[in-house]
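Could you walk me through this structure in the viewer, one selection at a time? I would like to know what to pick next and what I will find there.

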Amino acid sequence: MQDNEVIREFLVESHENLSRLDQELVELEKHPQDAALLASIFRTMHTIKGTCGFLAFSTLEAISHQAESLLSQLRDGERELTPALVSLILETVDVTRKVLASIEESGEEGPDHFEGLTERLRNAARSKTAPVRVPIPEASPAPASPPADDGGEPAEAKKSEEDAAKSSAVADANIRVGVGLLDKLMDLVGELVLTRNQILQFNTEREDAALNATSQRLNLITTELQEGVMKTRMQPIGMVWNKLPRVVRDLAVSLGKQIRLEMDGSATELDRTIIEAIKDPLVHLVRNACDHGVEVPEIRVRMGKPPQARLILRAYHEGGQVNIEIVDDGAGIDLERLKQRAVERGTLRLEQAGALSDREAMNLIFQAGFSTAKGVSKVSGRGVGMDVVKSNIEKIGGVVDVSSRAGEGTTVKLKIPLTLAIIPGLVVTSGGERFVIPQVSLLELIRLEGDSRDKHIEYVHGTPVYRRRGSLLPIAYLNQVLGLQSPERGEAVSMVVLQAEERQFGLVVDGINDTQEIVVKPLGKQMKGLTAYAGATIMGDGRVALILDVLGIGQRSGVLAESREQARGGSKQMAHAGGEQQRLLLFRAGSFSRLAVPLSLVARLEEFPQSSIEEAGGSRVVQYRNRILPLVPLRAVLEPDAAEPDQPADPVQVIVFNNGDRSVGMVVDQILDVAEENVTVRQKTVRKGLLGSAVVGKRVADFLDLNAVLRAAAGDWLQAAGSCGVGRSILVAEASPFSRGLIRSGLDMVGYRVLEAGSLDEAVRALQQHPVDIVVTAIDLPPVGGAALVREMRLRQEWQGIPILALADSAEEARARQNADFQDCQVKFDRDAMLESVARLAAALASSETAGVCVGEEQ
Amino acid sequence: MAATAPAKSDRSQTSGQFSTFFVADLFFGVDVLCVQEVLRFQQMTRVPQAPEVIEGLINLRGQIVTAVDMRRRLCLPPRAGGQAPMNMVVRTEDGAVSLLVDEIGDVLDVEAAAYERPPENLDRAAKDLIRGVYKLKDRLLLVLDAERTVDLTAGWPA
């Protein structure tokens with residue numbers, strides 16, 4: 001069934017390609033020097049050959065392969081174009097049509113009568129300079145009348161003309177509709193919807209049974225029509241992916257490789273135009289990955305990889321774009337070889353080659369005609385491919401990004417804008433205007449009423465922050481960002497928590513309305529420079545509303561300081577896989593003018609009047625939220641010998657840390673700032689209570705050893721969760737950055753070194769690059785679940801001993817999985833249970849290493 | 001553009017039918033073939049932070065169209081209070097754009113012989129946007145270059 005589908009598509013597409021070839025070849029004869037035209041012909045022929053290859057039509061493949069060889073010589077300027085040559089290629093086109101007709105009728109290519117043609121093509125390709133002998137008069141280069149010298153059947157020629165006249169039935173069964181027409185239909189339907197809304201409004205104002213019935217019917221039909229028209233434009237990417245398993249399988253067999261294809265997100269909907277545009281590039285990329293990327297099993301085994309290679313296709317919406325990734329775990333791209341090839345081809349001078357950055361070198365693969373394959377195979381190696389991929393993707397406004405690690409694999413990422421995709425969005429108001437926030441960037445909504453609004457929005461050196469479940473969230477005001485009028489101070493504050501490029505911030509708006517499915521439309525070029533908007537949409541009442549670009553808003557307001565380009569480039573990957581990018585709270589205490597702790601550890605910032613501080617059990621405490629909060633004077637811990645200041649500060653500045661249900665307040669002299677930095681602690685200090693120092697915001701800051709400080713002052717602090725964590729590295733594998741952050745903050749707190757991974761690949765990469773003691777993975781880790789990570793780890797000897805804690809979404813699931821392959825399974829958001837379990841695993845590790853150096857604290 | 005082209009070819013290119021409109025006391029014309037439609041004042045969505053010549057976005061049967069205020073585009077004083085502008089929707093390379101004008105005039109046939117290049121001492125704000133002048137019987141018709149008008153990087157004093 002599916003094969004029939006594939007073949008029908010193949011027939012339709014091939015007929016189109018052949019018609020184009022006819023036209024282009026005749027055109028080429030008129031303008032033999034037109035390199036672009038020649039390149040286009042070459043690509044078309046390449047596509048035909050490629051598709052024939054997938055479907056194992058060997059006759060067609062043989063013919064088109066030879067024709068392609070000829071064209072490739074023409075393209076590279078190795079031979080002149082003669083009318084005879086054109087005739088020969090046109091004959092190929094006709095023969096191809098004939099075979100297609102046979103495939104349509106019987107599903108078979110039919111008897112191979114075309115030995116003669118193949119032979120002549122081959123001869124022509126071989127004798128580069130010799131004139132091509134074609135037994136037709138040179139004066140008639142028209143596409144018709146191929147000679148009847150193959151197989152000696154005089155009827156053949158006539159029949160072929162008849163065939164040409166009788167167009168393909170399959171091609172007729174489908175109507176190709178211009179996208180322009182669909183666009184127009186869509187616009188008209190939009191208009192109809194608005195009119196319908198008005199009529200419904202009208203209907204409610206009158207009591208007319210006939211009008212009522214009619215308008216209900218109108219309502220129904222309009223909705224159906226709208227859905228129908230939308231459907232004509234939107235298609236799941238699975239449409240294109242469907243044929244890939246077969247492609248990969250056949251390629252793998254013919255290349256003697258073992259490849260497992262995994263597809264993730266095949267339901268991701270894309271606009272029809274985009275589907276069309278990415279179809280060929282995707283096939284090219286998959287072929288490339290199979291042919292160049294993946295190694296043969298023997299080599300893989302020698303490299304310590306499983307013999308079966310993995311090829312992952314992934315598609316997802318992100319920040320107003322569709323991302324499509326093609327990931328293989330093959331040999332990766334050898335940059336040195338790329339440079340060498342470019343020098344050999346003469347497109348790069350030797351001295352330039354040395355100066356190229358890795359990224360620039362990687363871009364060499366996008367040059368036309370570039371290939372590092374040692375020989376030309378029928379699969380690939382001619383150098384069509386990456387340049388076509390790039391030009392096709394850029395035509396629809398997308399970006400191609402290739403990243404690769406020698407020996408570990410290659411990732412090709414296509415970022416495609418969804419100019420017409422339908423996305424869910426949240427409608428908010430600000431300054432009297434409506435704006436739409438794409439749902440993908442939205443984490444949660446927060447409403448602060450009455451007293452709590454002032455308590456919860458605080459200022460760190462003039463910067464507003466909100467305390468959100470144990471971490472500080474920087475805040476921006478939409479009114480200010482867009483220069484709109486602020487309303488009167490109302491009863492409540494509405495805030496949306498947004499995420500862009502792995503970072504979160506709160507955006508305060510005047511009001512939050514509802515979520516709607518919206519159609520994204522691009523803005524005119526007059527507004528290109530406005531980074532705050534991703535596009536516009538038409539709302540139910542017929543008015544236009546702007547769609548906010550969350551990243552742009554974050555940057556305009558300064559809550560996301562990094563420039564867009566930088567963030568889009570490699571640094572993002574680093575920051576999130578390595579977890580080095582940290583937000584730091586900077587403060588002052590005693591003679592230490594710049595101290596830092598990770599912001600993720602801070603629960604709240606508070607001010608208490610001196611008068612509220614009381615003595616209890618020999619230490620200072622304060623009543624806080626109906627509880628007793630012990631206070632740790634940081635100055636006294638760091639400098640026990642220094643005298644108390646004569647004039648204690650009033651009010652007292654306190655940083656509150658939480659652990660489970662216990663809290664501790666650390667008294668500091670002044671809160672300075674929040675900074676985001678790529679921090680490595682450079683200089684170790686021996687001083688008690690400090691980890692070391694590092695440069696933060698161009699100035700040196702001392703890092704507080706929170707564990708030591710709090711332990712020294714608050715005694716039994718941290719005992720509850722166990723403290724075997726110090727020094728252990730834990731890999732947290734979880735898709736949602738938000739959940740990951742939650743898990744991380746819990747582990748950070750107890751002193752574990754935490755690595756993060758958002759998917760199976762990232763997790764495996766992290767395991768390869770860093771020593772890991774314990775793995776914490778979500779059951780639903782993409783692409784196929786946490787169990788895959790467990791399998792992956794059990795394959796490698798050095799990873800077999802690493803204990804694994806799985807996190808499930810619910811208690812039922814956690815119980816059900818308790819005895820699976822993992823050491824333990826807990827509920828994802830039960831922090832205490834998770835910490836306890838991790839502590840248990842750490843303790844078990846410790847006792848197996850050196851009996852009882854670290855005693856498990858639990859129970 | 002107009003400055004370098006020979007006068008002769010200018011003539012042959014710019015004669016024909018023009019849709020006319022008024023902005024303040026100026027009488028403009030654009031090639032009738034590039035006018036999509038003319039509309040009364042439409043409800044508009046402001047675009048905060050956009051260049052100030054952009055009045056807003058309008059929904060034209062499902063198509064989102066940018067409205068450019070011609071008064072501001074030509075550095076003229078704002079319309080008198082209460083006077084609602086008209087939309088002259090023109091087709092450009094970048095899709096339809098609405099020009100907000102004071103009043104819509106007739107479609108006029110003009111003769112090539114009446115054409116002249118704009119005066120050299122024309123105000124900077126207008127110079128880039130006005131391609132030429134037709135000397136009509138009782139007034140001057142200024143030929144507006146629609147493409148340059150909607151290209152906000154052109155002719156805008158820094």
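Here is a tour by selection, beginning with confidence and ending with a sheet.

**Stop 1: colour by confidence**

Keep in mind that this is a predicted model. Colour chain A by pLDDT: its average is 75, and 78% of its residues score at least 70. Now select strand β18 (residues 544-548) of chain A, which has the highest mean pLDDT among the elements of that chain, 91. At the other end of the ranking is helix α22 (residues 570-578) of chain A, with a mean of 33.

Widen the selection to residues 562-580 of chain A, where pLDDT stays under 50. For this stretch the model has 25 contacts beyond four places in sequence. Residues 850-859 of chain A are also below 50, and that stretch has 18 contacts in the model beyond near neighbours in sequence.

**Stop 2: the nonpolar cores**

Which residues touch the most other members of the largest nonpolar core? Select A:L507, A:L548, A:A596, A:V632, A:L634, A:M666 and B:V68; the core has 112 residues in total. Domain 4 (422-568) and domain 5 (575-717) of chain A both contribute residues, so this core lies between them. As a general background, nonpolar side chains in soluble globular proteins tend to be buried together.

Centre the view on A:A596. Leaving aside neighbours within four places in sequence, A:A596 is in contact with A:L584, A:L585 and A:L586, and also with A:V696, A:A701, A:D702, A:F703 and A:L704. Apart from this core lies another one, of 42 residues, including A:I278, A:V294, A:V327 and A:I416.

**Stop 3: where the chains meet**

Show both chains and select the contacts between them: 23 residues of chain A are in contact with 22 residues of chain B. On the chain A side, α8 (179-205), β17 (533-538) and β18 each supply at least two residues. The largest share, 5 residues, comes from α8(A). Coloured by class, the side of chain A that touches chain B shows 12 nonpolar, 5 polar and 6 charged residues.

**Stop 4: two hairpins in chain A**

Select strand β11 (residues 457-460) and strand β12 (residues 463-468) of chain A, which pair in the antiparallel sense over 4 bridges. Across this pairing, A:E458 has A:V465 in β12(A) as its bridge partner. The two strands form a hairpin with 2 residues between them, and A:H461 in the turn has a positive phi of about 55°.

Add strand β13 (residues 471-477) of chain A: β12(A) and β13(A) pair in the antiparallel sense over 4 bridges. Here A:R467 stands opposite A:L472 in β13(A). β12(A) and β13(A) form a hairpin with 2 residues between them, and A:R469 in the turn has a positive phi of about 40°.

**Stop 5: chain B and its sheet**

Hide chain A. Chain B has 4 helices and 11 strands, and buried residues make up 35% of its 158 residues. Among its contacts with a separation of 6 or more, 58% join residues 24 or more positions apart.

In what order do the 6 strands of the open sheet in chain B run? Trace β8-β1-β2-β11-β10-β9, with mixed pairing. β8 (103-110) and β9 (115-116) of chain B stand at the edges with a single partner strand each, so one side of each is left without a neighbour in the sheet.

Finish on one of these edges: β9(B) pairs with strand β10 (residues 130-135) of chain B in the antiparallel sense, over 2 bridges. Select B:Y115 to find its bridge partner in β10(B), B:Y134.

Notes: Residues are numbered from 1 along each chain as its sequence is written. Chains are lettered from A and ligands numbered from 1 in the order in which they are written. This is a predicted model: local features need pLDDT of at least 70, side-chain atom pairs count only at pLDDT 80 or more; totals for chains, interfaces and linings use all residues. A nonpolar core is a set of buried Ala, Val, Leu, Ile, Met, Phe, Trp, Tyr and Cys residues joined through C-beta atoms within 7 Å. A residue is buried if 20 or more other C-beta atoms lie within 10 Å of its own, exposed if 12 or fewer, and partly exposed in between; C-beta atoms are placed from the backbone. Domain bounds come from an automatic or database domain assignment. Two residues are in contact if their C-beta atoms, placed from the backbone, lie within 7 Å. pLDDT is the predictor's confidence in each residue, from 0 to 100. Ala, Val, Leu, Ile, Met, Phe, Trp, Tyr, Cys and Pro count as nonpolar, Asp, Glu, Lys and Arg as charged, and the others, Gly among them, as polar. Two strands pair if DSSP finds at least two bridges between them.
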